[in-house]
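I opened this notebook page to record what I looked up around the ligand, in the pockets and at one glutamine. The entries follow the order in which I went through them.

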Amino acid sequence: MTIDIKNIRFSYGKREVLQDVSFSVPDGRFAALLGPNGSGKSTLVKVIAQVHKSAGGEVLLNGREASTLTRREHAREVGYVPQSGEAPFDLTVREAVLLGRTPHFGMAPRTADWRKVDEAIELLGLAELVDRNMSELSGGQQQRALIARAIAQDTRILVLDEPTSALDLRYQIETLQLVRRVTREHGITALIAIHDLNHAARFCDQIVLLHGGKIVSDGTPEEALQSDTLGNVYGLPVKVQNIDGYVEVRPLVEDGIEYRI
Ligand code: ADP
């Protein structure tokens, strides 16, 4: 399913944080949304997930305007993984993952719904935690439960808001591999807001770079990750290299000099 973002604008009060944002993610592609803190990634993900209503422009899902869908119709098309702080705290892991199935069943879950829940729990390595309360989990475990909920939702689009930020290296890689696999094997279209430029370059087909609420580059990792653009956007000189066929971005810093990304 194609995502077409056309001229999206969004403001919190008087502060405009998305300005005329346009890009497309073709069917079955895994795209990364990059940009420094405050550039508008999370807001844009929330607009696509219909958590926020844009002040202008369109979000088209296979040509259909997302805002014309009912909440239930939208939830059958778009799975949303919020940041880990937004987890449903008073539920067990199994109940939280089952929430992903609510757009699909009527009064009560059926066998097929529980099967999807169990598959997602297994896939995210949560089997030992199913009866634990979400509030008792670590940030990384909560993130995995939120990803499992979106996988159980079984949608053709996944939008993920920094789903790897609290994960250790192994789970970061496993999550990115998992999202890439579902795009490859099931033709799901995925958009992930993420900070790690090198993970994005390694796992994603497309990079969309936001800065100050505007798109500054959009293309393959080779096209979108240019040292001069990244230097401007992050305020730090970087070197971009191709190592073993993958783009790698390295900050150019001298020992002892503090820097922030
Ligand atoms: P990112 O995900 O790239 O860090 P965000 O979309 O979270 O960026 O934030 C974009 C801008 O909007 C920032 O300047 C941020 O301070 C502001 N912002 C985010 N959420 C709110 C909110 N609920 N109310 C007011 N301003 C907000």
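The notes below begin with the ligand, go on to two pockets and end with a single side chain. I keep in mind throughout that this is a predicted model.

**Entry 1, the ligand shell.** I first listed the residues around the ligand, and found Tyr12, Arg15 and Val17, then Pro36, Asn37, Gly38, Ser39 and Gly40, and finally Lys41, Ser42 and Thr43. Sorted by class, this shell holds three nonpolar, six polar and two charged residues. I then asked which element gives the largest share of the shell around the ligand. The answer is helix 1, with three residues.

**Entry 2, polar contacts to the ligand.** I looked next for oxygen atoms of the ligand that are approached by polar protein atoms. From the side chain of Lys41, a polar atom lies 2.8 Å from a ligand oxygen, and from the side chain of Arg15 a polar atom lies 3.1 Å from an oxygen of the ligand. Ser42 takes part through its backbone, where a polar atom is 2.8 Å from a ligand oxygen. I also noted how much of the ligand is covered: taken alone it exposes 560 Å², and the protein buries 60% of that. Two elements, strand 2 (15-25) and helix 1 (41-48), give two or more residues to the shell.

**Entry 3, the largest pocket.** I turned to the largest pocket, which holds about 470 Å³ of space, and asked which residues lie nearest its centre. They are Ala49, Arg71, His74, Ala75 and Tyr80, out of 20 residues in the lining. By class I recorded 10 nonpolar, seven polar and three charged residues in this lining. Helix 2 (71-77), strand 6 (78-81) and helix 5 each supply at least two of the lining residues, and the largest share, three residues, comes from helix 2.

**Entry 4, the second largest pocket.** For the second largest pocket I wrote down a space of about 330 Å³ and a lining of 15 residues, with Leu123, Ile151, Asp154, Val182 and His186 nearest the centre. Helix 4 (111-123), helix 5 and helix 6 (169-186) are the elements that give two or more residues to this lining. Its residues divide into eight nonpolar, two polar and five charged.

**Entry 5, Gln141.** Helix 5 had come up in the lining of the largest pocket and in that of the second largest pocket, and I closed with a residue placed in it, Gln141, the helix itself covering residues 139-153. What does the side chain of Gln141 reach at 2.9 Å? I found that its partner is the backbone nitrogen of Ser138. Setting aside neighbours within four places in sequence, I listed Leu126, Leu129 and Arg132 as the residues in contact with Gln141.

Note on methods: Residues numbered from 1 in each chain as written. Predicted model: local features only at pLDDT ≥ 70, side-chain atom pairs only at ≥ 80, totals over all residues. Heavy atoms only, no water. Helix = DSSP H or I, 4+ residues; strand = E, 2+ residues; numbered from the N terminus. Polar contact = N/O pair within 3.5 Å; in protein donor to acceptor, adjacent residues only side chain to side chain. Contact = heavy atoms within 4.5 Å. Near = heavy atom within 4 Å. Areas by Shrake-Rupley, 256 points an atom, 1.4 Å probe, with all protein chains shown as cover. Nonpolar A, V, L, I, M, F, W, Y, C, P; charged D, E, K, R; others polar. 1 Å grid on protein atoms, 1.4 Å probe; cavity = no way out; pocket = protein on both sides within 12 Å on 5 of 7 lines; lining within 4 Å. Points joined across faces, edges and corners; volume = space filled by probe spheres on them.
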